[in-house]
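Work through the exercises below with the sequence and the coordinates at hand. A worked solution follows each task.

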Amino acid sequence: MDALTHHIQGDVPWCMLFAADIVLIDETRGGVTEKLEVWRHALKSKGFKFSRTKTEYLECKFRAESREVGVDVMLESQVIPKRSSFKYLGSVIQGDGEIDEDVVHRIGVG
C-alpha cells in the first residue's frame with residue numbers, strides 16, 4: 001500500500017494505514033473532513049472504494065471546552081457518525097480518556 005499512498009501519508013503517527021483501517025488524526029473536525037476527502041480521492045483514483053457505512057470517528061477531548069460547536073465530520077455530503085469508543089488492536093479507546101470499557105473488555109476476554 002505504501003507505493004500507492006505515499007503521496008498522501010503524513011508523518012507518523014498522524015496518518016496510519018492498517019490493512020482495511022485508516023486512522024486520521026487532526027486537531028479539528030474540519031481537518032479530519034479535509035483528510036477524509038484527500039484519502040477518498042486518492043483511493044478512488046487507484047480503484048479502491050471508501051466505505052461510507054463503515055466510516056466513523058472518535059473525538060478525544062483534551063480540553064474541557066469545545067472549540068467546534070455545530071461542526072460535523074463529513075464525507076462528501078454525508079455526516080460521519082460519532083462514536084464514544086473504539087475497539088482497536090485489542091484495546092478499547094474512549095474519547096473521554098477513561099479506561100472502564102477497556103478493563104471490562106479485558107476481563108471478559110480473560
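The exercises go from the overall fold to salt bridges, a hairpin and a surface patch.

This is a predicted model, in which local features need pLDDT of at least 70 and side-chain atom pairs count only at pLDDT 80 or more, while totals for chains, interfaces and linings use all residues. Residues are numbered from 1 along each chain as its sequence is written, and side-chain values use heavy atoms, with hydrogens and water left out.

**Exercise 1. Give the secondary structure elements of the protein and their order along the sequence.**

Step 1. Helices (H or I, at least four residues) and strands (E, at least two) are taken as DSSP runs, numbered from the N terminus. The protein has 3 helices and 8 strands.

Step 2. Along the sequence these elements follow the pattern α-β-β-α-β-β-β-β-β-β-α.

Step 3. Buried means under 20% relative accessible area, exposed means over 50%, and partly exposed lies in between (1.4 Å probe, protein chains only). Of the 110 residues in the protein, 26% are buried.

**Exercise 2. Find the salt-bridge partner of Arg 40 and describe the pair.**

Step 1. A salt bridge requires a side-chain nitrogen of Lys or Arg within 4 Å of a carboxyl oxygen of Asp or Glu. By this rule there are 7 salt bridges.

Step 2. The side chain of Arg 40 meets that of Glu 76, with an N to O distance of 3.4 Å.

Step 3. Arg 40 belongs to helix 2 (residues 29-45) and Glu 76 to the loop between strand 4 and strand 5 (78-79), so the pair ties together parts that are 36 residues apart in sequence.

Step 4. Arg 40 is buried because its relative accessible area is 9%. Glu 76, at 42%, counts as partly exposed.

**Exercise 3. Which residues are linked with Lys 82 in a network of salt bridges?**

Step 1. Lys 82 forms a salt bridge with Glu 59, and their closest N and O atoms are 2.8 Å apart.

Step 2. This pair links distant parts of the chain, 23 residues apart: Lys 82 is in strand 6 (residues 82-83), and Glu 59 is in the loop between strand 3 and strand 4.

Step 3. Glu 59 has a relative accessible area of 18%, so this residue is buried. Lys 82 has 43% and is therefore partly exposed.

Step 4. Arg 29 joins Glu 59 and Lys 82 in the network. The C-alpha atom of Arg 29 is also 7.5 Å from that of Glu 68, a residue 39 positions away along the chain.

**Exercise 4. Describe how strand 7 and strand 8 are joined.**

Step 1. Two strands pair if DSSP finds at least two bridges between them. Strand 7 (residues 85-88) and strand 8 run antiparallel and are joined by 4 bridges.

Step 2. One of the bridge partners is Ser 91 in strand 8, which is matched with Tyr 88.

Step 3. The hairpin has 2 residues between the strands, and Leu 89 takes a positive phi near 50°.

Step 4. Side chains alternate along strand 8 (residues 91-94): Val 92 and Gln 94 point to one face and are buried, whereas Ser 91 and Ile 93 point to the other and are not.

**Exercise 5. Which residues gather in a patch of negative charge on the surface?**

Step 1. Patches are made of residues with over 30% relative accessible area and no salt bridge; like charges are joined within 9 Å, and nonpolar side chains (Val, Leu, Ile, Met, Phe, Trp, Tyr) within 5 Å.

Step 2. The residues are Asp 96, Glu 98, Asp 100 and Glu 101.

Step 3. Asp 100 is found in helix 3 (residues 100-109). Its relative accessible area of 48% makes Asp 100 partly exposed.

How values were computed
Areas by Shrake-Rupley, 256 points an atom, 1.4 Å probe, with all protein chains shown as cover. Lys, Arg positive; Asp, Glu negative; His and termini not counted. Charge placed at Lys NZ, Arg CZ, Asp CG, Glu CD.
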